[in-house]
Amino acid sequence: MLLLGCIKEVSDYELAISLPNGLSGFVPVTQISDAYSKLLTKQVAQGELLEELHSLPDMYSPGTLVRCIVTSTEKSADGRRSVKLSIDPKKVNKGLNSTALAAGMLLSGSVLSMEDHGYLIDIGVTGTHAFLPHQKAKNYIKAVKKGPDLKIGQNLNCLIVEVKNEGRVVCLSIDRSEVAASIATERHNWSLSNLLPGLVVKARVQKVAPLGMKLTFLSYFTGIVDFMHMDPEKSMSYSPDRVVKACVLSVHPTSRAVRLTLRPPFLHAGGAPRQLPGQLMGAVLEEATVKAFYKQFGAVFELDDGTLGFARLKHLSKTRKSFKPGAFKEGCKHKCRIIDYSLMDEMCVVSLKHQIIEARFLQYRDIHTGDVVQGKVLSLKPIGMQVKVADGIRGLVPSLHLSDVILKQPEKKYNIGDEVKCRVLECNPGGKKLILTLKKSLVQSKLPVLSNYEDAKPGLITHGFVVCAREFGCIVKFYNDVKGLVPKNELGSEPISCPDKVFYEGQVLKVMVLKCEPQQERLLLSFRLSSKPGHEDKWKCTPKEKQEVKYQIGEIVDVKILKKKDNGLEVSILEDEDNVVAWIPTLHLSDFVATSKLLWHCLQEGDVLPRVMYLSDKGEHIILSRKSAVISAVQEEQVVRSFSEIQPGMLLTGYVRNVMPFGVFVEFPFGVTGLAPKVSMSDKFVTDTKDHFVVGQTVIAKVMSIDEEKQRVLLNLKVSECSSGDSAAESFALLSQYFKELKEIRDLLRRGEPSICELVPGKGVHLVVQDVREDGSALFSGSSVTGLTVTATRYHLGDKNIAPGEKRKALVLHVDALTSEVHVSLREELLKQRP
C-alpha cells in the first residue's frame, strides 16, 4: 500500500512517520535507498566512518512530507501494531516504467551521486537515467539549509522537466516554486497501477455523505475523502458537481481504493502540515466540546483554542461496557488530555481515559534526570534489566545498577512483572533512551542531583558511584554522564596506597566538589567531606599564605567588580574567604581591543565576571586576564614556563606589550617576552609599526630564533607563518568568540542603554532633521534614538534636499556604542533593498 506520510521524528537509525487517520509507522535506516544501503554496508565492512555517508538527522527534518510504501505490519505482545515502511524509490515507484514517464509528472527520487554539473537521481525506474542540474537544485538547497550540497540518500520531490530517448533519460527539477505549482493531469497518462500519493489533482464532487465524500478525478478515477480530511473551513459548502483541488493520500493496490485530502497544506506539492506547539503535548483540558460523534470511529472535539481533537472509540471510556454513546452528543463537554498530534490530519489525538489523564508520564520528554519512577520488570538480559515505566516508555537498568552491590544472579532477586522503584540516571527524549538505577542509596538519597557541570559548585556534597579505582585515585560518576576525579590525596583522611583494594566499581559514596571547570568538563572531587582545608589542599589556603603561593598561573576564578578605574577593573575573587583583591587591565577583558573598551564601558560595579584566569602577581596586585585565546593556550599546555623551554618554530599565544618604531614586544603567560622586528611583523610592507599593532592586542607568534646568552627571543608575526594548519577552523573559532562577546555586550547594554540595542545595521527608522552642517552632513533626532547622536554624511543624503524639521525614513548603517553615535543613510537604493 502506498501512503503519503510526514516525518515526525528523526534518529540515527530510523524515521518516525505520521500517517493519515492518526496512524504512525517507521522507516528503518536500511529502507532509505539502494545507494544509502550500499554506503552503510561499506562502512560496516571497513569499520571506519565514510565522509560521503551522512546520518539521517543530517538529511531529514521533522515536518517533511514523504511517499512511503508499507513493507510489513507486526503485532507486539501487548497488542500494539508496528507498521514498517520504505521510502526507497525502487519500491515506491515500482508501478512506473520508462515509457510511462512524461514531462510535468511529480515523483519521488533519491540522490545517487554528485557529478560536475548536477546530481544523478535514483527514481526507481529500470533503464532510465535521471539527472538534476545544479541550477534546478540551488533554491531548494538554500531553503532546506542542510549543507551546501545534496547528500547521497536524500529523498526528493522531483518534477520531470524533460523526457529524452523514449524515457531513457529524464531531466528533473526540485525547485520549490515549480514543484508547488505542479498539478497531475490526464496528459500524464496516470493509471491505477502507478498512481502516486502526494499528487495534487483537480477533482469533482460526486456524492456527499455524513462521514465523507466521493470524488472523481483524472477523468476516470474515483476517490474518497473522509471526515478528517475535509477542509474544516469549507466542510459545510461541499455539494455535488463542485470542482475542488485535492491531494492523493493513499492508494491500496488490491482494493483499488484511493483516498484524498482537501486540507490546505497538502494542496501544493511539497507543502508542510502545521505542527503542534510543544507545550500543548500532554496538556489536560478541562472542557473539550464534542463537535461530531462517529459510532464506528470515535469523536471529534473542539479544544479551548479552537483547534480540533480526535479520540478513538477505545479512548472514550475505561472499558467497552462502560461506554455511553449518549454522553457524546454535539455540544457535550468532557475532560481530556492531548496524547499525540497527527501531522497528516493536523489534529490533536486526545484521550478521555482517567488513568491517562492522571498519568505522570506520557512521553520520554516528560521524564527528567533524577526523577524517582515506578516501573514493571519486562526482561532480564546480560546487559541489564528492561523496565516499563509507562505505555510506550521503557528504560534500561544496567547490570551495574541492579543493586548497591554487584549481583551475580539477578534472576534470583527479580522476576518478570515485579514492580520496582527506580531513579532516572539519564534521559534522552530524542533517542528514546532512558537509563535507570535500582541502587537504594541513590534512589533514597536526599542530597542534590548533580546532572550538569554548571551545578557543580565548590563545597557541594552529593552521592555518586565509583566507575573506576586505580593508583591515581577514583573516577566517580553522577547523573547525565557527569563524572569527576577524586585524586589519591583526597580519598580519605589517612593515605590510601592501593585505591583499587579499598573501592569497588558501582560503590555509592558521598563526595564533595572541590573545583569544576564546566567548559572543559573537568571536575575535581574529594571523599573528605570536611570543608576545612587540609595541609595538601591546593584550592584553599590559610590567611598567612595569602600573598604567597595563593593561586597558580592558569587557575580559573570568578570575580566581582569592586571599582572601575581609568585603565582597568579592581575586583575581588569570589569563593575566597580572605576577599583577595585583584586587577584586570582593560586590555585583558577580551582578545579584541575594541571589545575590551566596550566591555569596560558596559560593566558596572557589583557585576560578576566568570572564568577569569590568574595571569601574574607583580608588585601589589594579582593580575587577571579574560583573554579567551590566552586562557585556552594555558589550559591546553601550549605555553612555555621559562626561557629554557623555548624552541625555534614554536607557535605561542601572547599579547602586545609595547609597540616601538623598530618592532613589537610580545609578552606570553609565565612572563616570557620576545621581539618581532619590523621586517617580521606583517606580510605587508611596514612603514609605521603603529599602523599594524596596538598595545594589548592578542597575537599568535612563531619563534624564529633564541639567543641564550642575551636571553633574547626573536619572533615572527606574519599571518602566513603563524597558522597551525587549519586556518579556516581557527578563523571561525575567533569569529565565533567575537560574536559571543558582542552578544554579551548587547545584553549588558540592554540594562543601561536599551535604545541602542534595538538599533542594528539594516534597520529602518523614522527621524526628524535637526540640522544641516556646513560640510553637507546632517544631524537627526527621533523617539527611537533618544540620547544618541545620529548623523548622515553628505553622500548618504543622496540627491535629497533636506531642511530642519522634515520627517525622513533612514537606514541604520553603523552603531558605535562607545560614543553613542549612530550613522544612517537616506539613499533610495539602500532603503529599497531592505526586506
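**Exercise 1. Find the residue of strand 45 that stands opposite Val815, and place the pair in its sheet.**

Solution. Val815 faces Val822 in strand 45, where strands are DSSP runs of E at least two residues long, helices are runs of H or I of at least four, and both are numbered from the N terminus. The next step is to look at the strands themselves: strand 44 (residues 807-816) and strand 45 (residues 821-825) run antiparallel and are joined by five bridges, two strands being counted as paired if DSSP finds at least two bridges between them. Finally, the order 41-42-43-45-44 describes a closed barrel of five strands with mixed pairing. From one strand to the next the twist in this barrel averages 50 degrees, taken between lines fitted to C-alpha atoms, with angles running from 0 to 180 degrees between N-to-C directions.

The model is predicted, with local features requiring pLDDT of at least 70 and side-chain atom pairs pLDDT 80 or more, whereas totals for chains, interfaces and linings use all residues. Residues are numbered from 1 along each chain as its sequence is written, and side-chain values use heavy atoms, leaving out hydrogens and water.

**Exercise 2. Explain why strand 32 (residues 568-573) is described as largely enclosed, and identify the strands that pair with strand 32.**

Solution. Begin with burial, which means under 20% relative accessible area, against over 50% for exposed and partly exposed in between (1.4 Å probe, protein chains only). Six of the six residues of strand 32 are buried, so the strand is largely enclosed by the rest of the structure. Turning to the pairing, strand 31 (residues 556-565) runs antiparallel to strand 32 and is joined to it by six bridges; Lys560 has Ser572 of strand 32 as its bridge partner. Strands 31 and 32 form a hairpin, with two residues between them. Strand 33 (residues 581-585) also pairs with strand 32 in the antiparallel sense, over five bridges, and here Gly568 stands opposite Pro585.

**Exercise 3. Determine where Leu529 is found, whether Leu529 is buried or exposed, and which residues Leu529 touches.**

Solution. Leu529 is found in the loop between strand 30 (522-526) and strand 31. Its relative accessibility is 31%, and therefore Leu529 counts as partly exposed. Leaving aside residues up to four places away in sequence, Leu529 touches Ile461, Lys510, Val511 and Met512, a contact meaning heavy atoms within 4.5 Å. Glu490, which is 39 residues from Leu529 in sequence, is 9.6 Å away in space, C-alpha to C-alpha.

**Exercise 4. Describe the largest nonpolar core and the surroundings of Phe217.**

Solution. A nonpolar core is a set of buried Ala, Val, Leu, Ile, Met, Phe, Trp, Tyr and Cys residues joined through side-chain atoms within 4.5 Å. The largest has 53 residues, of which Ile121, Leu150, Leu215 and Phe217 touch the most other members. Beyond four places in sequence, the contacts of Phe217 include Leu195, Val201, Val248, Val258 and Leu260. Another core, of 44 residues, lies apart from this one and has Val580, Leu749, Phe780 and Val815 among its members.

**Exercise 5. Summarise the chain as a whole: what are its secondary structure, burial and extent?**

Solution. The chain contains 13 helices and 45 strands. Of its 835 residues, 46% are buried. Along its principal axes the C-alpha trace spans about 95 × 90 × 55 Å.
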